[in-house]
Amino acid sequence: MALRRALHFVFKVGDRAKTATFYREVLGMKILRHEEFEEGCKATCNGPYDGKWSKTMVGFGPEDDHFVAELTYNYGVGEYHLGNDFLGLTLQSSQAVSNAKRLGWPLTQVEEALYLTQAPGGYPFYIVDKEQPPHDPVTKVSLGVSDLQRSTHYWATLLGLNVMDKSEEKNTVLLGFSDSQCKLELRDVGGKVDHGTAFGRIAFSCPREQLPDIEALMKKEKQNILTPLVSLDTPGKATVEVVILADPDGHEICFVGDEAFRQLSAVDPKGNELLDKAMEEDKSDEWFAKHNKQKAAA
């Protein structure tokens, strides 16, 4: 499955300004592209919401060869409930550690040269205190599972990821499509996986011709298909085709046709400007304060 690659993880954010500060000024990522939408995504990219929302892609480099974060902001929703499904994103950057200390962003040292911090909303991030590599500094995404053997079978046998490491002591399995890509770590949480309302989604690309085969295999294996093969339009950009799956614990998985996605995901040099403009024009916080109301908690 060498032609498949890990793309991004989707985070729901309630405070775009604080979130932008974390990714840009603490981690040192770049805004790769930003889009505003007037109605919900038909593949529920922004969650089960029908109203206005935005998508911001942030990373250390282009989406062609970097694992990035997709930040979805639903206007009017101020916070989400975290579960035990997303257990962390790990990256290597001494500069990010220095940035956090300089800005007073909370850091907890968990072992030698490894720090834990949180993005706004409580999402855990692990920062390895070593020089940022010339390739992608994002090394792995960790997800909680209730049955490690069952989940390993799903991700390795059905989706084609390679098992790269196992730890009985930590109850983890590390998987990936190749050594050069961001890895997926599955960790047994010893009980039911709770997705809360902040549940995210991990995305992978594959050649477009493989999408019907993925869908057919999941039907044959009686696995959960959240969104059958569908086309998604972004005004002025490429139309991509996706299949949205759910693993045995309900983790959402998006497979997207690689050819069109590479066109869609081209870096937009105006990304920073578009995000800043959208945040400046978003008067929702002022409106809620003026009317002595609070944004909805999902």
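Glutamine 118 of β8 stands opposite proline 124 in strand β9, and the two strands, β8 and β9 (residues 123-128), run antiparallel with 6 bridges joining them. Strands here are DSSP runs of E with at least two residues, helices are runs of H or I with at least four, and both are numbered from the N terminus; two strands pair if DSSP finds at least two bridges between them. The hairpin of β8 and β9 has 3 residues between the strands, and glycine 121 takes a positive phi near 100 degrees there.

A word on the source: this is a predicted model, in which local features need pLDDT of at least 70 and side-chain atom pairs count only at pLDDT 80 or more, while totals for chains, interfaces and linings use all residues. Residues are numbered from 1 along each chain as its sequence is written, and side-chain values use heavy atoms, with hydrogens and water left out.

On its other hairpin, β8 meets β7: these strands are linked by 2 residues, and alanine 113 in the turn has a positive phi of about 60 degrees. Glutamate 111 stands opposite leucine 114 in β8. Here are some strand pairs side by side.

| Strand pair | Sense | Bridges |
|---|---|---|
| β7 (residues 108-111) and β8 (residues 114-119) | antiparallel | 3 bridges |
| β10 (residues 138-145) and β13 (residues 183-188) | parallel | 6 bridges |
| β12 (residues 172-176) and β13 | antiparallel | 4 bridges |
| β1 (residues 5-13) and β4 (residues 68-74) | parallel | 6 bridges |

Strand β13 appears twice in the table, so to speak, with two partners. Facing residues of β13 are leucine 186, opposite leucine 143, and leucine 184, opposite leucine 175. A hairpin of 6 residues joins β12 to β13.

Now to the open sheet. Its 8 strands follow the order β2-β3-β4-β1-β14-β17-β16-β15, with mixed pairing. At the edges are β2 (30-37) and β15 (224-232), each pairing on one side only. From one strand to the next, the twist averages 20 degrees. Within this sheet, valine 13 stands opposite tyrosine 73 in β4.

Helices lie against these strands. Helix α1 (residues 16-26) lies across β1, β2, β3 (53-59) and β4, and runs at about 170 degrees to β4. Helix α4 (residues 211-220) also packs on the sheet, touching β14 (201-206), β15, β16 (240-246) and β17 (252-257), and its direction makes about 160 degrees with that of β15. Contact means heavy atoms within 4.5 Å; axes are lines fitted to C-alpha atoms, for helices over the stretch in contact, and angles run from 0 to 180 degrees between N-to-C directions.

How do α1 and α6 meet, and at what angle do they cross? The axes of α1 and helix α6 (residues 271-281) come within 10 Å and cross at roughly 155 degrees. That makes α1 roughly antiparallel to α6 (angles over 145 degrees count as roughly antiparallel, under 35 as roughly parallel, 65 to 115 as roughly perpendicular and the rest as oblique). Arg16, Ala17, Ala20 and Arg24 of α1 make the contact with Asn272, Leu275, Asp276, Ala278 and Met279 of α6.Finally, the whole chain: its secondary structure comes to 7 helices and 18 strands. The radius of gyration is 19 Å, close to the 19 Å that the globule rule gives for 298 residues, so the chain is as compact as a globular protein of that length. This radius is taken over C-alpha atoms, and the rule is 2.2 Å times the number of residues to the power 0.38.
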